[in-house]
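Here is a short briefing to read alongside the structure. It covers the cysteines, the aromatic side chains and one helix packing.

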Amino acid sequence: MPPALAGPQESFTLAKTVEGAHGLQYLSYEREYAGLPVYGGDVVVNTDGATVLDVVTGQRGTITVGTDPTLSAADALTRAKTQVASVEEVAEPVLAVHAATLTPRLAWDVTVTGRTRDGKPTALRVFVDAEDGSIVDVIQNVRNLQVEAEGEHNGRVLIDVTGTPEDYTLVDPTRPGVACGGQDGRPYRILPEQPPALVRACVDVMYGQQRQWDMLRTWLGRHGIDGQGRGFPGRVGFVAPGAWWATKYALFGANTDGTFQMTSMDVVAHEYGHAIFQTTPGGPGSGEETAALNESTGDIFGALTEHYAGNPVDPPDYEVGEKVDFEGKGPLRYMYDPSKAGDPNCYTGEHPEPHAGAGVQNHWFYLLAEGTNPPGKPASPVCQGRPSLNGIGIQNAGKIYMAALNMKTLPWTHQKARAATIQAARALFPQNCSMISAVQDAWNAVSVPAAAGEPACFDLWLEPASRSVEQGAVAVARVDTSTTSTPAPAVLLSAGALPPGVSAALSPSTVQGGQSATLTLATSAATPAGTHVIEVRAVSGAITRTRTFSLTVTVPQGPSAWVPWKRYSVGDQVTYRSTVYTCRIAHTSQPDWVPPAVPALWRR
């Protein structure tokens, strides 16, 4: 049956049938009026296979229009092109009926693609009134789109592009500036005739910068590659081997024998790491030492991006360019041991060629993130200082390094980088001396010396920070202190207000920074059951640090002849919660060595 609003000159063609739940079907029909396509006149019929349940149309008024246009197709095209700032392509105008408004109109349907005034891609479907030339409707066909595409080094990956699944352009719709194309700077539109190798290389560039963007936002709190919400395009297919940052875009060629484009994730992130260095205070700077730190910055952001992405096709590591095999010799650099590529592991005050000079800071970053002997990862040597270092994790190391770059001043040197990373650790992890010490120890390990007056840190913590005991029992915790001051200062330890029936002892009550003491909290039958918070203080000069200990006291569940700290002999018997235990090994008991918990010492 014809749907509502259908007139005698109208016809319908079944365009699509979609199966739904419970056996329902949805039949989509396209409408024509006097042989002209009708926009907004589509009809959907809902049926259970035997009965029509619903008929739905978007058309709002009965069509009664003439079919002879006053405006020519050429004039309609000219008017449609005014809607696009920079026109790249136009389609042949099609005479149609626009019926998406209350009053259907005869109109020219024109598709115009190009660029908006701010350079973003656009594809407009413009309806131009075929009588008076006015713009009836404008439909934007460019939408945010994520597609699965094949990269040369990353396998099949999801990337954000602009367009439709059948026709898209390598322009990121949500990360301004991120795009990829050829040497003319125009982003690739994915078409069958596009050179496949270069398309795959551009997929790698898009994927690498998008993952780097997300890493910066999620891990390091930076908005875009430039810190201001923008990224930068990439250009592939350069005639010379290598990859470069060209101040406004990244440029990628092939490796020396032409087998691979230089677009692996770490190389892409390396080049945009230069963009980060350029857009932090002071800019790129000049001189061999600053250039070496700039090269190292690229390597560091390459490693961070690989670890964030976690792509199994290119697993995260601390080798630079291992997949592109630039000169047929494997990785370009080894962050965990720069000497494997002939680069210096240790700072000497001499400044070799910048790519080689990147080794010192690369080595520092690896030691900070992973330490000297991380499980499942390469061991890393030290030049001096402590022989064994523990890493703080790559994300924490990245936070510290990014914060240091945000304090960059020219000329940027290794000693300035040391000072800035220590300041960054102090700001990010207030008075966490272990973080600050890790930064200092890693710089010491690569022979970058401390400057006079390097700030010190003092901290305190408890191990454990809570205990649960019965009334009359004793809770014990270790009180640890740390300092980066040399020589270590004296630290006075004390406990704050105590709950009723609890006494506290700190042994010793005065330690040198970096030493430990024992906190003993003795409860009694008068101590109220429940959880009590006790403050532990450490005072070093004008600095006071406090931590809290959570003491949970419970009521004994039975008679006990158990005496903590008593020296027992073999054969001694005690009663604990109505059960008799016999001592098997002579020893001095401890509060948490209750007989049931230490069968090697006691038997029932």
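A residue is called buried under 20% relative accessible area, exposed over 50%, and partly exposed in between. Please keep in mind that this is a predicted model. A search of the whole structure finds two disulfides, and the count of aromatic pairs comes to twelve.

**The disulfide of Cys180 and Cys202**

- The sulfur atoms of Cys180 and Cys202 lie 2.0 Å apart, and the two residues form a disulfide.
- This link of Cys180 and Cys202 is left-handed, with -80° about the S-S bond.
- Cys180 belongs to strand E14 (residues 180–181) and Cys202 to helix H2 (residues 196–220), so the disulfide ties together parts that are 22 residues apart in sequence.
- Both Cys180 and Cys202 are buried.

**The disulfide of Cys346 and Cys383**

- Cys346 and Cys383 also form a disulfide, and here the sulfur atoms are 1.9 Å apart.
- The link of Cys346 and Cys383 is left-handed, at -90° about the S-S bond.
- Distant parts of the chain are linked by this pair: Cys346 sits in the loop between strand E19 (333–334) and helix H5 (354–370), while Cys383 sits in the loop between H5 and H6, 37 residues apart.
- Why does Cys346 count as partly exposed? Its relative accessibility is 26%, and partly exposed covers the range between 20% and 50%, so Cys346 falls in that class.
- Cys383 has 27% relative accessibility, so it counts as partly exposed by the rule that puts this class between 20% and 50%.

**Another cysteine to look at**

- Is Cys583 buried or exposed? With a relative accessible area of 1%, Cys583 is buried, because buried means under 20%.

**Aromatic pairs**

- Trp219 and Tyr308 are one of the twelve aromatic pairs. They meet edge-to-face, with 5.5 Å centre to centre and 85° between the planes.
- This pair links distant parts of the chain, with Trp219 in helix H2 and Tyr308 in helix H4 (residues 288–309), 89 residues apart.
- Trp219 has a relative accessible area of 16%, so it is buried, whereas Tyr308, at 25%, is partly exposed.
- Trp364 and Trp443 form a stacked pair, with 4.4 Å centre to centre and 15° between the planes.
- Here too the pair links distant parts of the chain: Trp364 is in helix H5 and Trp443 in helix H8 (residues 433–445), 79 residues apart.
- Trp364 is buried, with a relative accessible area of 0%, and Trp443 is buried at 0% relative accessibility.
- Which residues make up one aromatic cluster? The cluster is formed by Phe301, Trp364, Phe365, Tyr401 and Trp443.

**How H6 meets H7**

- Helix H6 (residues 394–405) and helix H7 (residues 414–428) have axes that come within 8 Å and cross at roughly 115°.
- The crossing of H6 past H7 is right-handed.
- On the H6 side, Lys399, Ile400, Ala403 and Ala404 make the contact, and on the H7 side Ala420, Thr421, Ala424, Ala425 and Leu428 do.
- The residues of this contact of H6 with H7 divide into seven nonpolar, one polar and one charged.

How values were computed
Residues are numbered from 1 along each chain as its sequence is written. This is a predicted model: local features need pLDDT of at least 70, side-chain atom pairs count only at pLDDT 80 or more; totals for chains, interfaces and linings use all residues. Side-chain values use heavy atoms; hydrogens and water are left out. Axes are lines fitted to C-alpha atoms, for helices over the stretch in contact, and angles run from 0 to 180 degrees between N-to-C directions. Helices (H or I, at least four residues) and strands (E, at least two) are DSSP runs, numbered from the N terminus. A crossing is left-handed if the near helix is turned anticlockwise from the far one by less than a right angle, and right-handed if clockwise. Contact means heavy atoms within 4.5 Å. Ala, Val, Leu, Ile, Met, Phe, Trp, Tyr, Cys and Pro count as nonpolar, Asp, Glu, Lys and Arg as charged, and the others, Gly among them, as polar. A disulfide is a pair of cysteine sulfur atoms within 2.5 Å. Buried means under 20% relative accessible area, exposed over 50%, partly exposed in between (1.4 Å probe, protein chains only). Rings of Phe, Tyr and Trp (its six-membered ring) pair if their centres lie within 6.5 Å; planes under 30 degrees apart count as stacked, over 60 as edge-to-face and the rest as tilted.
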